[in-house]
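The exercises below are meant to be worked through with the sequence and the structure side by side. Each one sets a task and then gives a solution in steps.

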Amino acid sequence: CSSDLKKMPKQLREWPAYNELKKEIEDFQEVLPLLLELGKPSIMPRHWQQVMDITGKDLPIDNENFKLQSLIDAQLNEFTDEISDICEGADKQLIIEGKIKEISGMWEGMFFDFGTWKSRDYPCVLSGGKVGETQEILEETMMNLNTMNAQRHSIPFKEELNALLTTLSDTGDTIERWFKVQQMWTSLESVFTGGDIAKQMPMEAKKFQQIDKDWIKIMQKSAETKLVVPCCQNDMLKNMLPVLSEGLEKCQKSLESYLEGKRNKFPRFYFTSDPVLLKILSQGSDPESIQEDFEKLFDAINRVTFDKVDRKKIIKIQETQGTVAEIVDLQTPVQAVGNIEDWLLALEAEMQRSVRRECRIASMECGQVMNGLSIGGFSNKCIAQVSLLGIQLIWTVDFQDALTRMARDKDKAVMGAANKKFVQMLSDLVGLCLTDLGSKMNRTKFETLVTVHVHQKDLFQEVWKKARDGKVKDENDFEWLKQTRCYWRQETDHAVVSIADVDFVYSYEYLGCK
């Protein structure tokens, strides 16, 4: 070594042999780090070929006679930078190669989870959670592979990388298409395999039966394979998915047209989602099974009462809150037979007729309130919305009558008398709210009456003050006409809500007590 050489006598350093030995040692010291680099596990035959191309020397790396002297004779020290670059690249290529093997191994062991569907006790659907997890992993894998593919050191693995990218990209497309077909199949399966809708769409139901057979066939085959990549590379699956997708889309479009037709016949169906509407329509022949869906079609009806003998005859509508119910007897029972949209239309019309009857009865009793009939007694006899309409009818009639008599008869006391009545009504309603009203629903009813009547009383007193000041002359004054006024018109037999010179007929939608 060089340290031993330096210890030699000074006289020897002048010899030519000493200088030759010194040069050989220095050259070896320079080439030694390159030899260590070339001895690493990352160096492959392709890297030795690069070294031979650079040095122009033929190195017998596969020969058992390949010795250190061959490398020394190749004068590697003259190509230090180039060989160092080759060795550095080999390290990076080894990392890339390891990642490719890791990814390939991971996807060789990746599998799907299969589950049952409703009454089918055999594997016929992909587990949604597992599919989502697989797609996330796939997306991350594709990103990593594309990153590696863009690196200059990945050149030796281009073919393998491109093949893996193609396979996984194809797998991702197949999974996406497969799961989309599954979503359509699951949404249509219950529609076309039984129930009222299948009977009304026989052609589509027949088409779906064949689609269903093909779907079960590919799912059973896939459930046997389980592994993600082999499943998605299966030719039968790849060929059948587009066919199934096209068939299901046609069934879906036919179903959408069918639903649109039902919505046109019964517009309240527009306020329900497709799944809810499908559930309602599929059970239309069994009216009692859709009790929980009435509240999705009507503002306040959440139950109906069927006749005890004829279970297809609806005799009452109601809003229930816990164990308490507000009930309206239908004027004429509704037969829940035939197409569901037809008898729901009949129920809607009968609801309005029955609420109108309640309003008519209340309007006839309004004149007795505070004149033999207490406000509490009146309100207890009526459903909540009719009680509310009743106090508005009383207020309107008494208010307008007071203005008329004040102008026509010059009756200065009439406004004060009307105010006394309104104050007494409010006092009685407040007094009732301080008692046990029996239920939360009833309390809501009376508290609403108080709220509305407080507003009515304040409006009256405001106009009365203006009348005393001479700013309001009679019932034709705008200060009165601009108010929201409620009348029962005998000539049309309708409740009317008036503002200024515009009249709106009361719609008689059952509103319950909310």
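**Exercise 1. Find which residue of strand 4 stands opposite arginine 303, and describe how the two strands are joined.**

Step 1. In this predicted model, arginine 303 stands opposite glutamine 318, a residue of strand 4.

Step 2. The pairing of strand 3 with strand 4, which covers residues 313–321, is antiparallel and runs over four bridges. With six residues between them, strand 3 and strand 4 form a hairpin.

Step 3. Look next at the side chains of strand 3, residues 303–306, which alternate along the strand. Val304 and Phe306 point to one face and are buried, whereas Arg303 and Thr305 point to the other face and are not buried.

**Exercise 2. Place the hairpin in its sheet, and work out which strands stand at the edges.**

Step 1. The sheet is open and consists of three strands in the order 3-4-5, with antiparallel pairing.

Step 2. Strand 3 and strand 5 (324–335) each have a single partner strand, so one side of each is left without a neighbour in the sheet, and these two strands stand at the edges.

Step 3. On average, and with direction ignored, neighbouring strands of this sheet are turned by 25° against each other.

Step 4. Helix 13, residues 340–365, packs on the sheet and touches strand 3, strand 4 and strand 5. The direction of helix 13 makes about 115° with that of strand 5.

**Exercise 3. Decide for three loop residues, phenylalanine 269, aspartate 293 and histidine 153, whether each is buried or exposed.**

Step 1. Phenylalanine 269 lies in the loop between helix 11 (235–265) and helix 12 (274–282). Its relative accessibility is 0%, and because buried means under 20%, phenylalanine 269 counts as buried. Leaving out residues up to four places away in sequence, phenylalanine 269 touches Lys262, Arg263, Leu277, Ile280, Leu281, Leu297, Glu341 and Leu344. One of these, leucine 297, is 28 residues away along the chain, yet the C-alpha atoms of phenylalanine 269 and leucine 297 are separated by 6.8 Å.

Step 2. Aspartate 293 belongs to the loop between helix 12 and strand 3. With a relative accessible area of 2%, aspartate 293 is buried. Apart from neighbours within four places in sequence, aspartate 293 is in contact with Val276, Lys279 and Ile280.

Step 3. Histidine 153 is found in the loop between helix 6 (128–149) and helix 7. Histidine 153 is also buried, with a relative accessible area of 11%. When residues up to four places away in sequence are not counted, histidine 153 touches Gly89, Lys92, Gln93 and Ile96.

**Exercise 4. Identify the residues with the most contacts inside the largest nonpolar core, and the helix that gives the most to this core.**

Step 1. The largest nonpolar core has 123 residues, and those with the most contacts inside it are Trp178, Leu255, Leu344 and Leu347. Helix 7, residues 158–192, gives the most to this core, with 12 residues.

Step 2. Tryptophan 178 touches Phe112, Phe114, Leu126, Trp215, Met219, Ser222, Cys231, Cys232, Leu237 and Leu241, again without counting residues up to four places away in sequence.

Step 3. As background, nonpolar side chains tend to be buried together in soluble globular proteins.

**Exercise 5. Examine lysine 410 and aspartate 493, and state what is notable about phi in each.**

Step 1. Lysine 410 is not a glycine, although its phi is positive, at about 55°. Lysine 410 has its place in the loop between helix 15 (384–408) and helix 16 (414–433). Its relative accessibility is 64%, and since exposed means over 50%, lysine 410 counts as exposed.

Step 2. Aspartate 493, likewise a residue other than glycine, has a positive phi near 60°. Aspartate 493 lies in the loop between strand 6 (485–489) and strand 7 (494–499). With a relative accessible area of 23%, aspartate 493 is partly exposed.

**Exercise 6. Describe the protein as a whole: how many helices and strands does it have, and what share of its residues is buried?**

Step 1. The protein has 18 helices and eight strands.

Step 2. Of the 514 residues in the protein, 42% are buried.

Step 3. Among contacts between residues at least 6 apart in sequence, 61% join residues at least 24 apart.

How values were computed: Residues are numbered from 1 along each chain as its sequence is written. This is a predicted model: local features need pLDDT of at least 70, side-chain atom pairs count only at pLDDT 80 or more; totals for chains, interfaces and linings use all residues. Side-chain values use heavy atoms; hydrogens and water are left out. A nonpolar core is a set of buried Ala, Val, Leu, Ile, Met, Phe, Trp, Tyr and Cys residues joined through side-chain atoms within 4.5 Å. Buried means under 20% relative accessible area, exposed over 50%, partly exposed in between (1.4 Å probe, protein chains only). Contact means heavy atoms within 4.5 Å. Two strands pair if DSSP finds at least two bridges between them. Axes are lines fitted to C-alpha atoms, for helices over the stretch in contact, and angles run from 0 to 180 degrees between N-to-C directions.
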